[in-house]
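Please look over the following two-chain model, and then work through the questions and answers below it.

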Amino acid sequence: MAARVLGALAVIALLVAPPLLPKYPLEILISVLFFAYLGLAWNILGGYAGQFSFGHAAFFGIGAYTSTLLLLRGGVTPWLGMLAGGVLAAGFGLFEGYLSFRYGLRGPYFSLVTLAFAEMLRVVSVNAKAVGASIGLVIPTGIAAPAMFVFAGKLSYYYVILAMTAAALVITRALARSRLGYALIAVRENEDAAEAAGVNALGVKLAAMALSSFLTAFGGTFYAQYFAYIDPTITFGPAISIQGLLPAIVGGAGTVLGPLLGSFVLTPISELTRAALRGRAGADIMLYGLILILVISFLPQGLMGLRRAARRASGR
Amino acid sequence: MSGLLLQAVVSGLLLGGVYGLVASGLTLIFGVLRIINFAHGAVMMLGMYASYWLWVGLGVDPYVSVLVTAPLFFLLGMGIQRLVIEPNRDAAEHNQLLLTLGLALFLENLALVLWHGDFRTLRVPYANASFVIGDALVEVSRLVAAGGAVLIALALFVFLRRTDVGKAIRALSEEREGAMLVGIDVARIRAVAFGIGSACVAVAGALITPFFYVAPDVGESFNIMAFVVVVLGGMGNFIGALVGGLIVGLAESLGAALLPGSLKQLVVFVIFVLVLLFRPEGLFGGARGR
């Protein structure tokens with residue numbers, strides 16, 4: 001009951017408070033939701049299906065580049081480009097997943113393959129003049145045009161990412177309670193046993209891959225429109241893969257709220273460290289590394305695991 | 001063979017020798033700990049900085065500084081294993097992966113905070129020494145690095161065959177419970193293995209400093225190359241790591257000669273994915289397949 005009231009209060013605060021916030025805290029809040037969103041998208045494959053992708057940058061980059069290229073070359077609104085990016089990313093995810101799962105890659109081998117695919121896309125886009133090569137692409141945002149995914153102030157971008165995060169939460173919650181969700185968890189816990197019980201492991205893993213990559217691509221388009229600049233290292237590099245999975249790990253992989261909680265803890269720490277130690281590049285990522293080591297060592301189930309343990313201790 | 005190709009083959013083999021040593025360390029750690037160590041490249045980077053500072057501060061030649069860095073990084077590796085990895089020995093496989101990833105992020109960015117991102121180079125007097133074979137130019141420093149790397153990797157191989165500690169390491173990588181039953185101090189051997197692996201990669205780093213820049217993220221590309229080499233050679237397979245190193249070095253260098261821009265990296269990744277998909281036990285068979 002208390003949790004429900006707290007949840008409702010948090011939702012109201014997220015809806016009502018931001019217009020009152022100064023610019024900097026609003027920017028941090030946008031970052032928090034952005035990484036929460038990426039974490040939620042990753043969580044479907046990495047958390048529920050237990051397939052540890054180290055290369056979600058591939059889908060993120062496909063999303064960012066598809067909408068941006070459609071906009072720059074064809075004048076297509078990024079709202080549609082976002083959808084196109086999602087479909088392309090899901091297609092690429094299915095291709096990657098089919099190859100990996102078909103040949104029985106599990107655990108670290110799967111992680112390495114996903115990393116390699118993302119790196120291949122990075123190398124190709126660094127070398128392809130048609131997509132701006134290493135110079136990257138600038139998204140024109142001079143004139144505010146909501147129909148073209150360009151807004152005058154940060155506040156509108158905030159509500160966009162809030163809606164995306166809310167949608168990802170709703171999808172995750174529905175998934176967790178669906179037949180597919182149970183099948184994914186069964187495959188994660190013991191693939192052979194799940195198959196013996198009649199679960200089509202390949203099919204459900206591919207479904208998770210498609211959904212996860214589709215949603216991740218949306219994050220790429222949001223990034224492109226919000227920051228108005230993309231390049232191969234930012235969108236296809238390992239950093240975005242890692243930053244996208246960390247909120248899920250810290251909050252609790254395979255839980256609905258974990259990525260959100262993880263991002264609310266992790267992102268402000270990182271942003272504030274970066275601001276406090278300006279001129280000391282790397283300090284924030286160094287802290288990330290340390291937090292990752294500590295979380296794995298002391299909270300292997302993430303923050304949500306802590307809650308579960310507390311519940312058990314209080315005898316509920 | 002045209003001059004360009006011959007040059008590519010020579011450079012590729014020389015670089016491949018270094019990859020071989022980097023990968024030997026990684027494959028040793030994988031064999032014993034069953035961990036894919038994402039922090040391997042970061043340790044290499046630290047090894048390169050150690051040589052750099054010994055040269056800048058005390059004027060110690062990088063080839064001599066190996067005598068200091070090898071034992072130092074052996075101890076560092078043992079420390080990392082005891083402090084960070086051993087306590088999480090029973091954690092889920094992917095969590096161990098993330099653990100080494102966290103370690104890599106920490107070490108790399110520690111270097112960035114301490115020494116900034118500038119590319120540093122060691123200006124040794126013999127940097128430009130070279131000779132010509134056929135149409136190919138051979139830089140002495142690259143030849144020494146490759147030769148030294150191969151020699152050390154072979155020495156490691158002999159050490160694992162002949163000494164008691166080496167045999168214990170091999171026993172542990174083949175059969176953990178059996179190794180425990182015959183009274184091997186498993187935790188100690190794991191620490192020794194991580195120590196040796198770290199010393200190998202630090203020495204590989206030191207050997208290339210006469211001709212390679214030093215920067216906080218310099219280890220990243222070597223780390224990924226070492227993954228490719230280890231998978232190619234078979235995880236836990238030493239000779240495989242050496243041969244795989246030469247193959248990857250050749251592929252990269254031929255790719256650079258024949259493809260525009262930085263597409264050479266694509267060749268390596270394509271090989272990587274193909275091997276992972278179709279022959280995950282490696283070309284020569286490894287400790288564990290799919």
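A residue is called buried if 20 or more other C-beta atoms lie within 10 Å of its own, exposed if 12 or fewer do, and partly exposed in between, with C-beta atoms placed from the backbone. This is a predicted model, in which local features need pLDDT of at least 70 and side-chain atom pairs count only at pLDDT 80 or more, while totals for chains, interfaces and linings use all residues. Residues are numbered from 1 along each chain as its sequence is written, and chains are lettered from A and ligands numbered from 1 in the order in which they are written.

Q: Is R34(B) buried, partly exposed or exposed?
A: R34(B) lies in the loop between α1 and α2 of chain B, where helices (H or I, at least four residues) and strands (E, at least two) are DSSP runs numbered from the N terminus. Its phi is near 60 degrees, a positive value in a residue other than glycine. Because R34(B) has 17 other C-beta atoms within 10 Å, it is partly exposed.

Q: What is the class of F149(A), buried or exposed?
A: F149(A) has a positive phi of about 65 degrees although it is not a glycine. Its place is the loop between β1 (137-138) and α6 (154-176) of chain A. With 24 other C-beta atoms within 10 Å, F149(A) is buried.

Q: How far apart are the end C-alpha atoms of helix α1 (residues 3-33) of chain B?
A: Of the 31 residues of α1(B), 24 are buried, so this helix is largely enclosed by the rest of the structure. The expected span of a helix is 1.5 Å times one less than its number of residues. For α1(B) this gives 45 Å, which agrees with the separation of its end C-alpha atoms, 44 Å.

Q: How many residues of helix α1 (residues 2-16) of chain A are buried?
A: This helix has 15 residues and reaches 21 Å from its first C-alpha to its last, close to the 21 Å expected at 1.5 Å a residue. α1(A) is nevertheless hardly covered, and its count of buried residues is zero.

Q: How are α6(B) and α8(B) oriented to each other, and how many nonpolar residues does their contact have?
A: Helix α6 (residues 164-174) and helix α8 (residues 186-208) of chain B pack at an angle of about 100 degrees with their axes 10 Å apart, the axes being lines fitted to C-alpha atoms, for helices over the stretch in contact, and angles running from 0 to 180 degrees between N-to-C directions. Angles under 35 degrees count as roughly parallel, over 145 as roughly antiparallel, 65 to 115 as roughly perpendicular and the rest as oblique, and α6(B) and α8(B) are therefore roughly perpendicular to each other. V165(B), A168(B), I169(B) and L172(B) in α6(B) meet V186(B), I189(B), V192(B) and A193(B) in α8(B), contact meaning that C-beta atoms placed from the backbone lie within 7 Å. Where Ala, Val, Leu, Ile, Met, Phe, Trp, Tyr, Cys and Pro count as nonpolar, Asp, Glu, Lys and Arg as charged, and the others, Gly among them, as polar, this contact has no polar and no charged residues, and its nonpolar residues number eight.

Q: How is α2(A) oriented relative to α11(A)?
A: The axes of α2 (residues 23-48) and α11 (residues 238-251) of chain A come within 7 Å and cross at roughly 75 degrees. That crossing makes the two helices roughly perpendicular.

Q: Which helix gives the most to the side of chain B that touches chain A?
A: In this interface, 35 residues of chain B are in contact with 34 residues of chain A. Both α4 (93-115) and α11 (264-278) of chain B supply at least two residues of that side. The side of chain B divides into 24 nonpolar, nine polar and two charged residues. With 15 residues, the helix that gives the most is α4(B).

Q: What separates the C-alpha atoms of Y52(B) and V214(B)?
A: Y52(B) is found in helix α2 (residues 40-58) of chain B, and it is buried, with 21 other C-beta atoms within 10 Å. Leaving aside neighbours within four places in sequence, Y52(B) is in contact with R120(B), L122(B), T209(B) and V214(B). Although Y52(B) and V214(B) are 162 residues apart along the chain, their C-alpha atoms are separated by 7.8 Å.

Note on methods. Contact = placed C-beta atoms within 7 Å.
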